[in-house]
Amino acid sequence: MKNFFSVEDINDVYKIIYESILIKKNPYNFQHVGKNKTIGLVFFNPSLRTRISCQKAAFNLGCNVWILDIEKNSWKIEMNDGNIMENTQEHIKEAISVMSLYCDILGVRTFPKLLNRDYDYEEVLFKKILLYSKVPVVNLESATLHPLQSLADVITIAEYSSFFKKKCKLVLSWAPHVKPIPQSVANSLSQWVSKIKEINFIIACPKEYDLCKKFSKNIKIEFDQKKAFNNADFIYAKNWSSYSNYGKIIINDFSWIINMEKMNLTNNAKLMHCLPVRRNIVVEDNVLDSKHSIVLEQAENRIYAAQIIFLKMLQKSL
Ligand code: CP
């Protein structure tokens with residue numbers, strides 16, 4: 001049984017991107033593979049894109065799908081072992097085991113609480129899910145990683161760079177936000193992009209927002225946002241809370257907003273964001289509404305990222 005937790009579960013990143021682009025051209029070619037198969041999608045946190053793109057991907061493959069929003073439609077789940085369950089009704093052990101009996105692939109989203117760095121970065125909760133599931137599990141965004149988002153991101157970059165025909169410069173730029181956000185998108189993007197030698201990857205962030213070295217080692221960090229934007233081909237806007245002062249907003253420098261003045265420093269760069277995006281806090285309206293923006297293309301590619309992973313899992317060829 002092979003899970004999809006991170007890019008480390010992929011043998012060849014170039015091949016999976018190529019196959020995703022092929023499946024996008026003929027999305028219904030593998031309906032026989034999904035016949036009589038069921039994909040279960042479990043959300044401990046809200047979602048728009050992940051939920052619907054995975055559902056669409058499953059339909060494209062001819063699969064049945066069920067979705068459970070734990071907070072809204074289920075029992076209160078006990079995550080810890082050994083507790084006297086006075087205030088919780090069902091233990092994660094039975095919940096995941098039972099749900100996995102009702103599907104052939106189980107997708108799970110579990111955001112970090114951003115309270116305990118060791119607990120989050122050890123992926124304690126997701127490890128329990130992997131342990132208790134009786135079928136392969138797909139990471140729909142865990143405490144530290146969002147691999148389906150990153151696969152969609154690199155598919156999009158491949159499409160806009162003629163499949164990495166020439167080197168391109170990608171800048172992941174920290175941007176302001178009003179509440180603490182996990183580091184999962186930034187961590188995951190760093191992991192995926194480090195496997196693609198044609199991408200010159202730079203992280204631009206204020207000094208206070210350095211990322212976990214496990215994912216960002218060997219990546220160039222630039223504290224001068226405008227310098228980083230110079231000649232960039234892709235700007236990926238994203239907020240994350242502090243890693244070193246874990247889960248905190250230390251400073252909220254609104255001068256880091258992505259605006260047209262900064263986009264004008266680039267090589268007519270494409271603007272990326274995983275969405276949802278807070279307009280005029282993270283990115284200004286006139287950038288999101290301009291030809292620079294490829295956020296919708298990115299969101300569409302979430303379908304094919306999920307579809308290729310489900311397909312490989314059903315074919316037992318991941
Ligand atoms: N980008 C992303 O994961 O979107 P959702 O949170 O809406 O699923």
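**Exercise 1.** Describe how helix α8 and helix α14 pack in this predicted model, giving the angle at which their axes cross and the handedness of the crossing.

*Solution.* Two packed helices are described by the angle between their axes and by the distance between those axes. Begin by locating the two elements, with helix α8 spanning residues 147–160 and helix α14 spanning residues 295–314. Their axes come within 8 Å and cross at roughly 115°, and the crossing of α8 and α14 is right-handed. Next, list the residues that make the contact, taking heavy atoms within 4.5 Å as the cut-off: α8 contributes residues including Leu148, Gln149, Leu151, Ala152 and Ile155, while among those of α14 are Asn301, Arg302, Ala305, Ala306 and Ile309. Finally, sort the contact by class, which gives 9 nonpolar, 4 polar and 4 charged residues.

**Exercise 2.** Work out which residues surround the ligand and which of them place polar atoms by its nitrogen atoms.

*Solution.* The residues around the ligand are Ser47, Leu48, Arg49, Thr50, Arg109, His146, Gln149, Cys274, Leu275 and Arg302; by class, this shell has 3 nonpolar, 4 polar and 3 charged residues. Turning to individual atom pairs, a polar side-chain atom of Gln149 lies 3.0 Å from a nitrogen atom of the ligand, whereas Cys274 uses a backbone N or O atom, which lies 3.0 Å from a ligand nitrogen atom. For Leu275, a polar backbone atom is 2.9 Å from a nitrogen atom of the ligand. As a last step, consider cover: on its own the ligand has 250 Å² of accessible area, and the protein covers 93% of that.

**Exercise 3.** Find the cis peptide bond and the residue with a positive phi that is not a glycine, and place each in its loop.

*Solution.* The cis peptide bond joins Leu275 and Pro276, with omega about 0°, and Pro276 is found in the loop between β11 (270–272) and α13 (285–288). Ser162, which is not a glycine, has a positive phi of about 50° and lies in the loop between α8 and β7 (168–174).

Technical notes. Residues are numbered from 1 along each chain as its sequence is written. This is a predicted model: local features need pLDDT of at least 70, side-chain atom pairs count only at pLDDT 80 or more; totals for chains, interfaces and linings use all residues. Side-chain values use heavy atoms; hydrogens and water are left out. Axes are lines fitted to C-alpha atoms, for helices over the stretch in contact, and angles run from 0 to 180 degrees between N-to-C directions. Helices (H or I, at least four residues) and strands (E, at least two) are DSSP runs, numbered from the N terminus. A crossing is left-handed if the near helix is turned anticlockwise from the far one by less than a right angle, and right-handed if clockwise. Ala, Val, Leu, Ile, Met, Phe, Trp, Tyr, Cys and Pro count as nonpolar, Asp, Glu, Lys and Arg as charged, and the others, Gly among them, as polar. A residue is near a molecule or strand if one of its heavy atoms lies within 4 Å of it. A polar contact is a pair of N or O atoms within 3.5 Å; within protein, one must be able to donate a hydrogen and the other to accept it, and residues adjacent in sequence count only if both atoms are side-chain atoms. Accessible areas come from the Shrake-Rupley method with a 1.4 Å probe; for residues, only the protein chains shown count as cover.
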